[in-house]
Amino acid sequence: MEENDFEQLLVCQDRKSGLKAAIAIHSTARGPALGGTRMWPYSSEEEAFNDVLHLARAMSYKNAVAGLPLGGGKGVIIGDPEKDKSETLFRTYGSFIDRLQGWYITAEDAGTCPEDMDLIASQTRWALGTTSSGGDPSPSTARGVKQGMKAALEHLYGTKDLAGRVIAVQGAGHVGAFLCRLLAEDGAKLVISDINRDKADYIAAELGATVVSPEEITEVSCDIFAPCALGAVINDDTLGRLKCSIVAGAANNVLKEYKHGYGLFHRGILYAPDYVVNAGGVIFVADQLESHDPERVMRRIHGIYDTCKEIFRLAEKDGIAPFVAADRIAERRMVKGSTENEAVG
Ligand code: NAD
């Protein structure tokens, strides 16, 4: 915690409901810590604590670069979302969140859904993304990723036009499927893969796209490789096999390690940093803290285009990789009292 400057780690246990959870607050320098709650069958408590700390830190960076007046936090519940959900589990978790008096604000993440947020919200006002407040943030995330892709195209080719661009989408889940539809509308040629073949086939049939196996997707010759499934997809194994000019997708923690970000940089592949392009969901959710304004949400999501362009410009000017430029901006903004909000630079 000291190494990465975390503020708080709350470990929650309740035998009656079976709840085992952890809430990490990385930074409240910009405001209360916002980040979703993940439910996952972690194999150990240590694994869960490591994950919640990593995820909370990433939220500080994401919220700072998105210009939100919020810090970064995250929650994890240890359990299988297919088998271990119950009303009491989420209500009990909600009462733990309430103890933090608004310094941690939750929403959905992998393994949780708007109905779970309803149960949490029955115990605390610090839960967003409930069924009555807008629901699934995935479409907003997909819209933001598309803006990031356009900024990367513009930076590389001088045109943000998606028509005729070949885009390889890894993962046809909530964000991936919506993103495919948005890209197809603009005339992109799609190559799709999902470990659940039915999901890939379904969306490909709808859009006239090509389906490839999960092993092949990282090797497709394309303009953009869009990771929309797991983290750590840019790793020792995949780095040398990529045949794309740009990497831009929804997945969190796309780079397995920093060295893989430098690897992309040295191969001349433009990487649009994950937490910059996938901020549409948190922008959508954070808006619920104000009076919800769909136009303002859309404007902020479109702002991801300008933010990415500015990051690419700064990176080029300083001769650094774009993910390093994004981190620098975030870290500058995480200094308590920083007033730098909307515009990058
Ligand atoms: P999801 O679970 O709905 O979809 C993920 C899809 O990826 C599933 O269909 C799954 O079968 C597939 N998949 C898993 N491993 C794969 C592999 N090796 N190859 C191909 N497909 C594979 O999740 P989602 O909500 O669409 O989120 C996708 C990614 O985006 C996640 O990393 C998530 O953390 C990140 N993200 C999501 C949001 C959001 O608003 N949902 C916001 C920010 C970031």
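Student: What does the side chain of T124 make a polar contact with?
Tutor: With the side chain of D98, at 2.8 Å. Keep in mind that this is a predicted model.

Student: Okay, and which backbone nitrogen does the T124 side chain reach?
Tutor: That of W126, at a distance of 3.1 Å.

Student: Where is T124 found?
Tutor: T124 sits in the loop between α3, residues 114-121, and α4.

Student: Is T124 buried or exposed, and why?
Tutor: T124 counts as buried because its relative accessible area is 5%, and buried means under 20%.

Student: Leaving aside neighbours within four places in sequence, what is T124 in contact with?
Tutor: G94, I97 and D98. D98 is also the partner in that 2.8 Å side-chain polar contact.

Student: Let's zoom out. How is the protein chain divided into domains?
Tutor: Domain 1 takes in 8-58 and 70-121, while domain 2 is made of 138-280 plus 308-330.

Student: What distance separates their centres?
Tutor: Taken over C-alpha atoms, the centres of domain 1 and domain 2 are 28 Å apart.

Student: On to the ligand. How many residues surround it, and which are closest?
Tutor: There are 22 around the ligand, and the closest are T141, H174, V175, D194 and K199.

Student: What does K199 do there, atom-wise?
Tutor: A polar atom of the K199 side chain lies 2.8 Å from a ligand oxygen. Backbone atoms come in too: a polar one from A250 is 3.2 Å from an oxygen atom of the ligand, and a polar one from I195 is 3.3 Å from a ligand nitrogen.

Student: How much of the ligand's accessible area does the protein cover?
Tutor: 78% of the 830 Å² that the ligand has on its own.

Student: Which elements give two or more residues to that shell?
Tutor: Helices α4 (138-157) and α5 (174-185).

Student: And what's the shell like by class?
Tutor: Nine residues are nonpolar, nine are polar and four are charged.

Student: Back to α4 for a second. What about Q147, buried or exposed?
Tutor: Q147, which has its place in helix α4, is buried, since its relative accessible area is 10% and the buried class covers anything under 20%.

Student: What does Q147 contact, leaving aside neighbours within four places?
Tutor: I301, H302, I304 and Y305.

Student: New topic: L207. Where is it found?
Tutor: In helix α6, which spans residues 197-207.

Student: Why does L207 count as partly exposed?
Tutor: Because its relative accessibility is 26%. Partly exposed is the class between buried, under 20%, and exposed, over 50%.

Student: What does L207 touch, not counting residues up to four places away?
Tutor: C180, R181, A184 and L190. L207 and C180 are 27 residues apart along the chain, with 8.1 Å between their C-alpha atoms.

Student: Last one, A326. Which helix, and buried or exposed?
Tutor: A326 is in helix α12, residues 322-333. At 0% relative accessibility, A326 counts as buried.

Student: Which residues does A326 touch, not counting those up to four places away in sequence?
Tutor: V65, P273, Y275, V276 and I311.

Student: And how far apart are A326 and K62, in sequence and in space?
Tutor: A326 and K62 are 264 residues apart in sequence, and their C-alpha atoms are 9.4 Å apart in space.

Technical notes: Residues numbered from 1 in each chain as written. Predicted model: local features only at pLDDT ≥ 70, side-chain atom pairs only at ≥ 80, totals over all residues. Heavy atoms only, no water. Domains from an automatic or database assignment. Near = heavy atom within 4 Å. Polar contact = N/O pair within 3.5 Å; in protein donor to acceptor, adjacent residues only side chain to side chain. Areas by Shrake-Rupley, 256 points an atom, 1.4 Å probe, with all protein chains shown as cover. Helix = DSSP H or I, 4+ residues; strand = E, 2+ residues; numbered from the N terminus. Nonpolar A, V, L, I, M, F, W, Y, C, P; charged D, E, K, R; others polar. Buried < 20%, exposed > 50% of the residue type's maximum accessible area, 1.4 Å probe, protein only. Contact = heavy atoms within 4.5 Å.
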